[in-house]
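Work through the exercises below with the model open beside you. Try each task before you read its solution.

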Amino acid sequence: KTDVQTDFRDNYLKNYRNAPEQILNLYGKEAFADVFEDSYKQHLESTSEPQLVVSAMTGLIQQERPLDNHYWIGGDAKTFWRAMNVLPAHVSSLLKSTLSIKPLGPKLPPPETVAHVTIRVKDISASLAFYSILGFESVGELIDGQQFLQYNPSPNCKKWQSLVLLKEDKDMPDRQAATDAGMTRLCIFTDGIHKLSEELETKHGIKPVAPMAFGGGVYDVVYKDPDGFTLYFVEMTGVLRAFINLQLWMVGTRKPFLFHWTVNVTDHVKANGIFEQLSFQTISNQNKDQVINELLPAFSLDPETTIIDWIRLCYLPKGGLVATIMNWNTPRSAINETSAMNSMTISVSDVGAALARAKDIGMYLEEGEKPAYKSMPIYGNVLVARAFLEKGSCPIEFCCFSNQQPLGSLQ
(Lines give C-alpha, C1' and ligand atoms only; values in the text may rest on other atoms or scores of the structure.)
Protein backbone atom coordinates (compact mmCIF):
# COMPACT_ATOMS: atom_id res chain seq x y z
CA LYS A 1 0.00 0.00 0.00
CA THR A 2 1.13 3.56 -0.61
CA ASP A 3 0.63 6.57 1.64
CA VAL A 4 -1.56 8.10 -1.03
CA GLN A 5 -3.91 5.10 -1.03
CA THR A 6 -4.03 4.80 2.75
CA ASP A 7 -4.66 8.52 3.26
CA PHE A 8 -7.38 8.50 0.65
CA ARG A 9 -9.19 5.58 2.29
CA ASP A 10 -8.85 6.89 5.83
CA ASN A 11 -9.87 10.46 4.98
CA TYR A 12 -12.75 9.33 2.80
CA LEU A 13 -14.22 7.18 5.57
CA LYS A 14 -13.54 9.83 8.21
CA ASN A 15 -15.35 12.52 6.20
CA TYR A 16 -18.23 10.16 5.48
CA ARG A 17 -18.70 9.16 9.11
CA ASN A 18 -18.60 12.82 10.17
CA ALA A 19 -21.33 13.75 7.70
CA PRO A 20 -24.72 15.01 8.95
CA GLU A 21 -27.17 12.36 10.07
CA GLN A 22 -29.46 12.93 7.06
CA ILE A 23 -26.57 12.18 4.69
CA LEU A 24 -25.71 8.97 6.55
CA ASN A 25 -29.33 7.89 6.42
CA LEU A 26 -29.46 8.63 2.70
CA TYR A 27 -26.44 6.37 1.99
CA GLY A 28 -27.32 3.59 4.42
CA LYS A 29 -25.08 4.61 7.33
CA GLU A 30 -22.33 2.08 8.13
CA ALA A 31 -23.43 -0.30 5.37
CA PHE A 32 -22.02 2.08 2.79
CA ALA A 33 -18.70 2.26 4.65
CA ASP A 34 -18.53 -1.53 4.67
CA VAL A 35 -19.14 -1.69 0.91
CA PHE A 36 -16.40 0.89 0.38
CA GLU A 37 -13.93 -1.08 2.53
CA ASP A 38 -14.67 -4.32 0.67
CA SER A 39 -14.23 -2.62 -2.72
CA TYR A 40 -10.98 -1.06 -1.56
CA LYS A 41 -9.57 -4.42 -0.47
CA GLN A 42 -10.61 -6.14 -3.71
CA HIS A 43 -8.80 -3.62 -5.89
CA LEU A 44 -5.80 -3.11 -3.63
CA GLU A 45 -3.69 -5.81 -5.23
CA SER A 46 -3.89 -4.33 -8.73
CA THR A 47 -3.13 -0.78 -7.59
CA SER A 48 -0.56 -1.31 -4.85
CA GLU A 49 2.55 -0.71 -6.94
CA PRO A 50 3.79 2.82 -6.14
CA GLN A 51 4.99 3.34 -9.72
CA LEU A 52 1.47 2.72 -11.02
CA VAL A 53 0.14 5.47 -8.78
CA VAL A 54 2.94 7.88 -9.75
CA SER A 55 2.45 7.19 -13.47
CA ALA A 56 -1.30 7.69 -13.28
CA MET A 57 -0.97 10.96 -11.38
CA THR A 58 1.76 12.21 -13.71
CA GLY A 59 -0.45 11.49 -16.70
CA LEU A 60 -3.30 13.49 -15.20
CA ILE A 61 -1.06 16.44 -14.32
CA GLN A 62 0.51 16.59 -17.78
CA GLN A 63 -2.74 16.51 -19.73
CA GLU A 64 -3.19 19.63 -21.87
CA ARG A 65 -6.93 18.93 -22.05
CA PRO A 66 -7.73 17.79 -18.52
CA LEU A 67 -10.74 15.74 -17.52
CA ASP A 68 -13.94 17.71 -17.05
CA ASN A 69 -14.53 18.67 -13.45
CA HIS A 70 -18.00 18.59 -11.95
CA TYR A 71 -17.67 21.44 -9.50
CA TRP A 72 -15.99 24.79 -9.63
CA ILE A 73 -13.87 26.48 -6.96
CA GLY A 74 -13.29 30.06 -5.84
CA GLY A 75 -15.17 32.72 -3.92
CA ASP A 76 -18.41 32.47 -5.89
CA ALA A 77 -18.32 28.68 -5.52
CA LYS A 78 -18.11 28.93 -1.73
CA THR A 79 -21.26 31.01 -1.68
CA PHE A 80 -23.02 28.43 -3.84
CA TRP A 81 -22.02 25.45 -1.72
CA ARG A 82 -23.02 27.21 1.50
CA ALA A 83 -26.46 27.72 0.01
CA MET A 84 -26.59 24.05 -0.99
CA ASN A 85 -25.94 23.00 2.61
CA VAL A 86 -29.11 24.77 3.73
CA LEU A 87 -31.23 22.61 1.46
CA PRO A 88 -32.51 19.17 2.48
CA ALA A 89 -29.90 16.51 1.75
CA HIS A 90 -31.94 14.70 -0.90
CA VAL A 91 -32.54 18.00 -2.76
CA SER A 92 -28.90 19.13 -2.69
CA SER A 93 -27.69 15.67 -3.75
CA LEU A 94 -30.05 15.72 -6.71
CA LEU A 95 -28.84 19.17 -7.76
CA LYS A 96 -25.18 18.17 -7.41
CA SER A 97 -25.66 15.02 -9.47
CA THR A 98 -27.13 17.02 -12.37
CA LEU A 99 -24.66 19.92 -12.18
CA SER A 100 -21.57 19.85 -14.38
CA ILE A 101 -19.33 22.89 -14.73
CA LYS A 102 -16.89 22.27 -17.56
CA PRO A 103 -13.46 23.95 -17.43
CA LEU A 104 -12.79 26.75 -19.87
CA GLY A 105 -10.82 25.33 -22.78
CA PRO A 106 -9.63 27.04 -25.95
CA LYS A 107 -12.26 28.65 -28.09
CA LEU A 108 -12.40 26.57 -31.26
CA PRO A 109 -12.48 28.27 -34.66
CA PRO A 110 -15.94 27.71 -36.18
CA PRO A 111 -16.08 25.92 -39.55
CA GLU A 112 -15.81 28.15 -42.63
CA THR A 113 -13.47 30.66 -41.01
CA VAL A 114 -9.80 31.53 -41.45
CA ALA A 115 -8.64 29.94 -38.19
CA HIS A 116 -5.07 31.25 -38.34
CA VAL A 117 -2.13 32.02 -40.58
CA THR A 118 1.37 30.60 -40.10
CA ILE A 119 4.61 32.58 -40.36
CA ARG A 120 7.87 30.67 -40.33
CA VAL A 121 10.75 32.15 -38.32
CA LYS A 122 14.35 31.15 -37.73
CA ASP A 123 14.57 32.14 -34.07
CA ILE A 124 11.31 31.93 -32.11
CA SER A 125 12.67 33.92 -29.15
CA ALA A 126 13.83 36.85 -31.29
CA SER A 127 10.59 36.79 -33.26
CA LEU A 128 8.40 36.75 -30.16
CA ALA A 129 10.24 39.77 -28.80
CA PHE A 130 9.65 41.66 -32.06
CA TYR A 131 5.98 40.74 -32.41
CA SER A 132 5.37 41.64 -28.76
CA ILE A 133 6.64 45.16 -29.41
CA LEU A 134 4.20 45.47 -32.33
CA GLY A 135 1.33 44.59 -29.97
CA PHE A 136 0.90 40.84 -30.40
CA GLU A 137 0.17 38.69 -27.32
CA SER A 138 0.98 35.03 -26.80
CA VAL A 139 -1.92 32.58 -26.55
CA GLY A 140 -1.19 29.35 -24.71
CA GLU A 141 2.23 27.77 -24.33
CA LEU A 142 5.25 27.65 -26.64
CA ILE A 143 5.30 24.03 -27.81
CA ASP A 144 7.84 22.45 -30.17
CA GLY A 145 8.93 25.84 -31.48
CA GLN A 146 5.35 26.91 -32.18
CA GLN A 147 3.54 29.83 -30.55
CA PHE A 148 0.07 31.20 -31.22
CA LEU A 149 -0.39 34.97 -31.08
CA GLN A 150 -3.44 37.21 -30.97
CA TYR A 151 -3.68 40.90 -31.79
CA ASN A 152 -5.97 43.13 -29.74
CA PRO A 153 -8.92 40.68 -29.67
CA SER A 154 -12.41 42.21 -29.48
CA PRO A 155 -14.35 40.54 -26.63
CA ASN A 156 -17.72 41.40 -28.19
CA CYS A 157 -16.88 40.54 -31.80
CA LYS A 158 -19.61 38.54 -33.52
CA LYS A 159 -17.17 36.81 -35.86
CA TRP A 160 -14.06 34.68 -35.49
CA GLN A 161 -10.79 36.64 -35.26
CA SER A 162 -7.81 34.86 -36.78
CA LEU A 163 -4.73 33.99 -34.76
CA VAL A 164 -1.13 34.03 -35.97
CA LEU A 165 1.07 30.94 -35.50
CA LEU A 166 4.81 31.53 -35.39
CA LYS A 167 6.63 28.33 -36.34
CA GLU A 168 10.36 28.02 -35.80
CA ASP A 169 12.41 26.59 -38.67
CA LYS A 170 16.10 27.19 -38.09
CA ASP A 171 16.93 25.87 -41.58
CA MET A 172 14.40 27.97 -43.48
CA PRO A 173 15.84 29.73 -46.55
CA ASP A 174 16.21 33.50 -46.55
CA ARG A 175 13.04 35.28 -47.56
CA GLN A 176 12.86 36.67 -51.07
CA ALA A 177 10.99 39.76 -52.27
CA ALA A 178 7.52 40.43 -50.85
CA THR A 179 6.31 40.51 -54.47
CA ASP A 180 7.26 36.88 -55.12
CA ALA A 181 4.64 34.15 -55.12
CA GLY A 182 3.52 33.01 -51.70
CA MET A 183 1.88 34.41 -48.59
CA THR A 184 4.20 37.31 -47.96
CA ARG A 185 2.52 40.11 -45.99
CA LEU A 186 0.23 40.74 -43.01
CA CYS A 187 -1.72 43.99 -42.76
CA ILE A 188 -2.94 45.60 -39.52
CA PHE A 189 -5.73 48.18 -39.58
CA THR A 190 -5.16 50.94 -37.02
CA ASP A 191 -5.80 54.49 -35.85
CA GLY A 192 -3.07 56.94 -34.89
CA ILE A 193 -0.58 55.57 -37.38
CA HIS A 194 1.77 58.56 -37.05
CA LYS A 195 2.05 58.19 -33.27
CA LEU A 196 2.48 54.42 -33.58
CA SER A 197 5.31 54.77 -36.09
CA GLU A 198 7.02 57.41 -34.00
CA GLU A 199 6.87 55.32 -30.83
CA LEU A 200 8.16 52.20 -32.55
CA GLU A 201 11.23 54.14 -33.67
CA THR A 202 11.92 56.33 -30.62
CA LYS A 203 11.09 53.78 -27.89
CA HIS A 204 12.12 50.53 -29.56
CA GLY A 205 14.45 51.48 -32.39
CA ILE A 206 12.22 49.79 -34.99
CA LYS A 207 12.32 51.77 -38.23
CA PRO A 208 10.05 51.34 -41.26
CA VAL A 209 11.57 50.06 -44.48
CA ALA A 210 10.74 53.42 -46.08
CA PRO A 211 8.91 56.65 -45.14
CA MET A 212 5.17 56.47 -44.57
CA ALA A 213 3.10 56.87 -47.74
CA PHE A 214 -0.35 58.29 -48.46
CA GLY A 215 -2.75 57.75 -51.34
CA GLY A 216 -6.47 57.32 -51.98
CA GLY A 217 -7.32 58.37 -48.43
CA VAL A 218 -5.04 55.69 -46.93
CA TYR A 219 -1.78 55.93 -44.96
CA ASP A 220 0.57 52.94 -44.83
CA VAL A 221 3.84 52.24 -43.06
CA VAL A 222 5.82 49.02 -43.52
CA TYR A 223 8.08 46.94 -41.26
CA LYS A 224 10.07 43.73 -41.55
CA ASP A 225 10.29 41.06 -38.85
CA PRO A 226 13.75 39.63 -37.94
CA ASP A 227 13.55 37.24 -40.92
CA GLY A 228 12.30 39.77 -43.46
CA PHE A 229 8.58 38.99 -43.39
CA THR A 230 6.51 42.09 -44.19
CA LEU A 231 4.03 43.54 -41.70
CA TYR A 232 2.39 46.86 -42.33
CA PHE A 233 -0.12 49.20 -40.77
CA VAL A 234 -2.83 51.12 -42.61
CA GLU A 235 -5.06 53.97 -41.50
CA MET A 236 -7.98 55.29 -43.53
CA THR A 237 -9.32 58.82 -43.62
CA GLY A 238 -12.44 60.75 -44.64
CA VAL A 239 -15.56 59.01 -45.92
CA LEU A 240 -13.71 55.70 -46.24
CA ARG A 241 -12.81 55.84 -42.56
CA ALA A 242 -16.43 56.56 -41.55
CA PHE A 243 -17.70 53.65 -43.68
CA ILE A 244 -15.16 51.21 -42.20
CA ASN A 245 -15.95 52.37 -38.66
CA LEU A 246 -19.63 51.64 -39.24
CA GLN A 247 -18.85 48.14 -40.50
CA LEU A 248 -16.63 47.46 -37.50
CA TRP A 249 -19.27 48.69 -35.07
CA MET A 250 -21.87 46.37 -36.61
CA VAL A 251 -19.77 43.25 -35.95
CA GLY A 252 -18.19 44.41 -32.68
CA THR A 253 -14.58 44.74 -33.87
CA ARG A 254 -12.32 47.29 -32.25
CA LYS A 255 -9.18 48.88 -33.67
CA PRO A 256 -6.43 48.03 -34.22
CA PHE A 257 -7.11 44.59 -35.69
CA LEU A 258 -5.59 42.08 -38.07
CA PHE A 259 -6.95 43.11 -41.47
CA HIS A 260 -5.67 41.07 -44.38
CA TRP A 261 -3.18 38.42 -45.51
CA THR A 262 -1.47 38.83 -48.88
CA VAL A 263 -1.56 35.88 -51.29
CA ASN A 264 0.74 36.48 -54.28
CA VAL A 265 -0.05 34.28 -57.31
CA THR A 266 1.12 33.87 -60.88
CA ASP A 267 -2.42 33.35 -62.24
CA HIS A 268 -5.03 35.52 -60.57
CA VAL A 269 -7.90 34.25 -62.73
CA LYS A 270 -7.42 30.68 -61.49
CA ALA A 271 -6.76 31.82 -57.92
CA ASN A 272 -9.88 34.00 -57.85
CA GLY A 273 -11.96 31.04 -58.99
CA ILE A 274 -10.51 28.76 -56.32
CA PHE A 275 -11.22 31.24 -53.55
CA GLU A 276 -14.76 31.64 -54.81
CA GLN A 277 -15.19 27.85 -54.65
CA LEU A 278 -13.85 27.96 -51.09
CA SER A 279 -16.81 30.28 -50.25
CA PHE A 280 -14.80 33.52 -50.08
CA GLN A 281 -16.89 36.57 -50.95
CA THR A 282 -15.39 39.47 -52.87
CA ILE A 283 -14.97 42.86 -51.23
CA SER A 284 -13.25 44.64 -54.12
CA ASN A 285 -11.35 44.11 -57.37
CA GLN A 286 -8.67 46.38 -58.79
CA ASN A 287 -7.00 46.09 -62.18
CA LYS A 288 -3.64 47.64 -62.98
CA ASP A 289 -5.26 51.00 -63.77
CA GLN A 290 -7.09 51.14 -60.43
CA VAL A 291 -4.24 50.27 -58.07
CA ILE A 292 -3.29 53.06 -55.63
CA ASN A 293 0.34 53.35 -56.70
CA GLU A 294 0.97 56.20 -54.26
CA LEU A 295 1.13 53.61 -51.46
CA LEU A 296 3.97 51.64 -53.09
CA PRO A 297 6.90 53.82 -51.92
CA ALA A 298 6.26 52.65 -48.34
CA PHE A 299 7.30 49.18 -49.60
CA SER A 300 10.38 50.63 -51.34
CA LEU A 301 8.69 50.09 -54.71
CA ASP A 302 8.77 52.64 -57.53
CA PRO A 303 5.20 53.76 -58.33
CA GLU A 304 6.24 54.69 -61.88
CA THR A 305 7.63 51.29 -62.89
CA THR A 306 5.71 48.85 -60.67
CA ILE A 307 2.74 47.14 -62.35
CA ILE A 308 0.21 45.03 -60.47
CA ASP A 309 -2.14 43.24 -62.86
CA TRP A 310 -4.83 42.44 -60.29
CA ILE A 311 -5.79 42.84 -56.63
CA ARG A 312 -8.81 41.18 -55.04
CA LEU A 313 -9.87 41.44 -51.41
CA CYS A 314 -12.16 38.59 -50.29
CA TYR A 315 -13.33 37.05 -47.03
CA LEU A 316 -15.21 34.20 -45.39
CA PRO A 317 -18.51 35.57 -44.00
CA LYS A 318 -18.16 33.76 -40.65
CA GLY A 319 -14.90 35.45 -39.82
CA GLY A 320 -11.13 35.58 -40.03
CA LEU A 321 -8.55 37.52 -41.98
CA VAL A 322 -9.36 39.00 -45.37
CA ALA A 323 -7.39 37.35 -48.18
CA THR A 324 -5.75 39.77 -50.63
CA ILE A 325 -4.99 38.01 -53.92
CA MET A 326 -2.30 39.84 -55.90
CA ASN A 327 -0.76 39.19 -59.30
CA TRP A 328 2.43 41.22 -59.82
CA ASN A 329 3.56 41.96 -63.34
CA THR A 330 6.58 44.19 -62.73
CA PRO A 331 8.36 42.91 -60.73
CA ARG A 332 6.77 39.63 -61.76
CA SER A 333 5.66 37.15 -59.09
CA ALA A 334 7.84 34.06 -59.25
CA ILE A 335 7.53 30.75 -57.41
CA ASN A 336 10.70 29.91 -55.48
CA GLU A 337 11.87 27.91 -52.46
CA THR A 338 10.23 30.37 -50.06
CA SER A 339 6.79 30.41 -51.69
CA ALA A 340 5.41 27.61 -49.50
CA MET A 341 6.89 28.70 -46.17
CA ASN A 342 3.81 30.51 -44.86
CA SER A 343 0.28 29.17 -44.94
CA MET A 344 -3.40 29.84 -44.25
CA THR A 345 -5.54 27.47 -42.18
CA ILE A 346 -9.27 27.22 -42.86
CA SER A 347 -11.51 25.58 -40.27
CA VAL A 348 -13.79 22.89 -41.74
CA SER A 349 -16.18 20.28 -40.35
CA ASP A 350 -14.98 17.46 -42.66
CA VAL A 351 -11.29 17.42 -43.64
CA GLY A 352 -11.64 14.53 -46.09
CA ALA A 353 -14.46 16.24 -47.96
CA ALA A 354 -12.56 19.54 -47.98
CA LEU A 355 -9.45 17.89 -49.42
CA ALA A 356 -11.48 16.13 -52.14
CA ARG A 357 -13.14 19.42 -53.04
CA ALA A 358 -9.77 21.19 -53.14
CA LYS A 359 -8.62 18.70 -55.76
CA ASP A 360 -11.83 19.08 -57.76
CA ILE A 361 -11.54 22.88 -57.95
CA GLY A 362 -7.97 22.79 -59.24
CA MET A 363 -5.74 23.02 -56.15
CA TYR A 364 -2.49 21.07 -56.18
CA LEU A 365 -2.10 18.10 -53.83
CA GLU A 366 1.25 16.52 -53.08
CA GLU A 367 1.52 12.79 -53.73
CA GLY A 368 -0.01 10.77 -50.92
CA GLU A 369 -1.67 13.75 -49.24
CA LYS A 370 -4.47 12.65 -46.95
CA PRO A 371 -6.02 13.79 -43.65
CA ALA A 372 -3.71 13.18 -40.71
CA TYR A 373 -3.51 14.22 -37.08
CA LYS A 374 -1.16 17.09 -36.32
CA SER A 375 -0.11 18.49 -32.96
CA MET A 376 -0.88 22.19 -32.47
CA PRO A 377 -0.41 24.41 -29.43
CA ILE A 378 -3.71 25.19 -27.66
CA TYR A 379 -5.74 22.64 -29.61
CA GLY A 380 -3.79 19.40 -29.18
CA ASN A 381 -3.89 16.75 -31.94
CA VAL A 382 -6.29 17.85 -34.67
CA LEU A 383 -7.13 16.45 -38.10
CA VAL A 384 -5.46 18.38 -40.94
CA ALA A 385 -4.88 18.12 -44.69
CA ARG A 386 -3.08 20.50 -47.05
CA ALA A 387 -3.47 21.68 -50.64
CA PHE A 388 -1.65 24.35 -52.64
CA LEU A 389 -3.12 27.25 -54.55
CA GLU A 390 -0.36 26.72 -57.14
CA LYS A 391 2.23 23.94 -57.29
CA GLY A 392 4.94 24.81 -54.77
CA SER A 393 3.21 27.95 -53.53
CA CYS A 394 0.53 29.23 -51.15
CA PRO A 395 -0.37 26.18 -49.03
CA ILE A 396 -3.83 26.17 -47.47
CA GLU A 397 -4.54 23.81 -44.58
CA PHE A 398 -8.00 22.42 -43.92
CA CYS A 399 -8.43 21.63 -40.24
CA CYS A 400 -11.25 20.18 -38.17
CA PHE A 401 -10.56 21.50 -34.68
CA SER A 402 -13.35 19.46 -33.12
CA ASN A 403 -11.90 16.19 -34.49
CA GLN A 404 -9.24 15.67 -31.86
CA GLN A 405 -7.08 12.66 -31.16
CA PRO A 406 -6.19 11.93 -27.50
CA LEU A 407 -2.81 13.38 -26.57
CA GLY A 408 -0.06 10.82 -26.54
CA SER A 409 -1.49 8.77 -29.40
CA LEU A 410 -0.05 10.86 -32.23
CA GLN A 411 2.06 8.72 -34.52
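**Exercise 1: Unusual backbone angles**

Glu 112 has a relative accessible area of 44% and is partly exposed. Here buried means under 20% relative accessible area, exposed over 50%, and partly exposed in between, with a 1.4 Å probe and protein chains only. This is a predicted model: local features need pLDDT of at least 70, side-chain atom pairs count only at pLDDT 80 or more, and totals for chains, interfaces and linings use all residues. Residues are numbered from 1 along each chain as its sequence is written, and side-chain values use heavy atoms, with hydrogens and water left out.

Task: Find where Glu 112 lies and give its phi.

Solution. Step one: look in the loop between α6 (89–98) and β1 (113–121), where Glu 112 lies. Helices (H or I, at least four residues) and strands (E, at least two) are DSSP runs, numbered from the N terminus. Step two: read the angle. Phi of Glu 112 is near 65°, a positive value in a residue other than glycine. Step three: set this against the general rule. Most residues other than glycine have a negative phi, and most peptide bonds are trans.

Task: Is Asp 144 buried or exposed?

Solution. Go to the loop between β2 (136–143) and β3 (146–151), which holds Asp 144. Its phi is positive, about 50°, although Asp 144 is not a glycine. Its relative accessibility is 65%, so Asp 144 counts as exposed.

**Exercise 2: Cis peptide bonds**

Task: Which loops hold Pro 256 and Pro 331?

Solution. Start with Pro 256. It sits in the loop between α9 (238–251) and β9 (257–264). A cis peptide bond joins Lys 255 to Pro 256, with omega about -5°. Now take Pro 331, in the loop between β12 (322–330) and β13 (343–347). The bond from Thr 330 to Pro 331 is cis, and omega is near -5°.

**Exercise 3: One helix, one face**

Task: Which residues of helix α7 (residues 124–134) are buried?

Solution. Step one: list them. They are Ile 124, Ser 127, Leu 128, Phe 130, Tyr 131 and Leu 134. Step two: look down the axis of α7. The buried residues fall within an arc of 165°, so they line one face of the helix. The arc is that of the directions from the helix axis to the C-beta atoms. Step three: check both ends. At the start of α7, a side-chain oxygen of Asp 123 comes within 3.0 Å of the backbone nitrogen of Ser 125. Just after α7, Gly 135 has a positive phi of about 115°.

**Exercise 4: Two buried polar residues**

Task: What does the side chain of Ser 162 reach?

Solution. Find Ser 162 in the loop between β3 and β4. At 9% relative accessibility, Ser 162 counts as buried. Its side chain reaches the backbone oxygen of Val 114 at 2.6 Å. It also reaches the backbone nitrogen of Leu 321 at 2.8 Å.

Task: With which side chain does that of Arg 175 make a polar contact?

Solution. Arg 175 lies in the loop between β4 (163–168) and β5 (182–189). It is buried, at 18% relative accessibility. Its side chain makes a polar contact with that of Asn 342, at 3.3 Å. A polar contact is a pair of N or O atoms within 3.5 Å; within protein, one must be able to donate a hydrogen and the other to accept it, and residues adjacent in sequence count only if both atoms are side-chain atoms. Finally, compare sequence and space: Arg 175 and Asp 227 are 52 residues apart in sequence and 6.9 Å apart in space, C-alpha to C-alpha.

**Exercise 5: Salt bridges**

A salt bridge is a side-chain nitrogen of Lys or Arg within 4 Å of a carboxyl oxygen of Asp or Glu.

Task: How many salt bridges are counted, and which residues form a network?

Solution. The count is eleven. Asp 191, Glu 235, Arg 241 and Lys 255 are linked in a network. Within it, Asp 191 and Arg 241 meet at 3.2 Å, N to O. This pair links distant parts of the chain: Asp 191 is in the loop between β5 and α8 (193–204), Arg 241 is in helix α9, and they are 50 residues apart. Arg 241 also bridges to Glu 235, with the closest N and O atoms 3.0 Å apart. Glu 235 is buried, at 9% relative accessible area.
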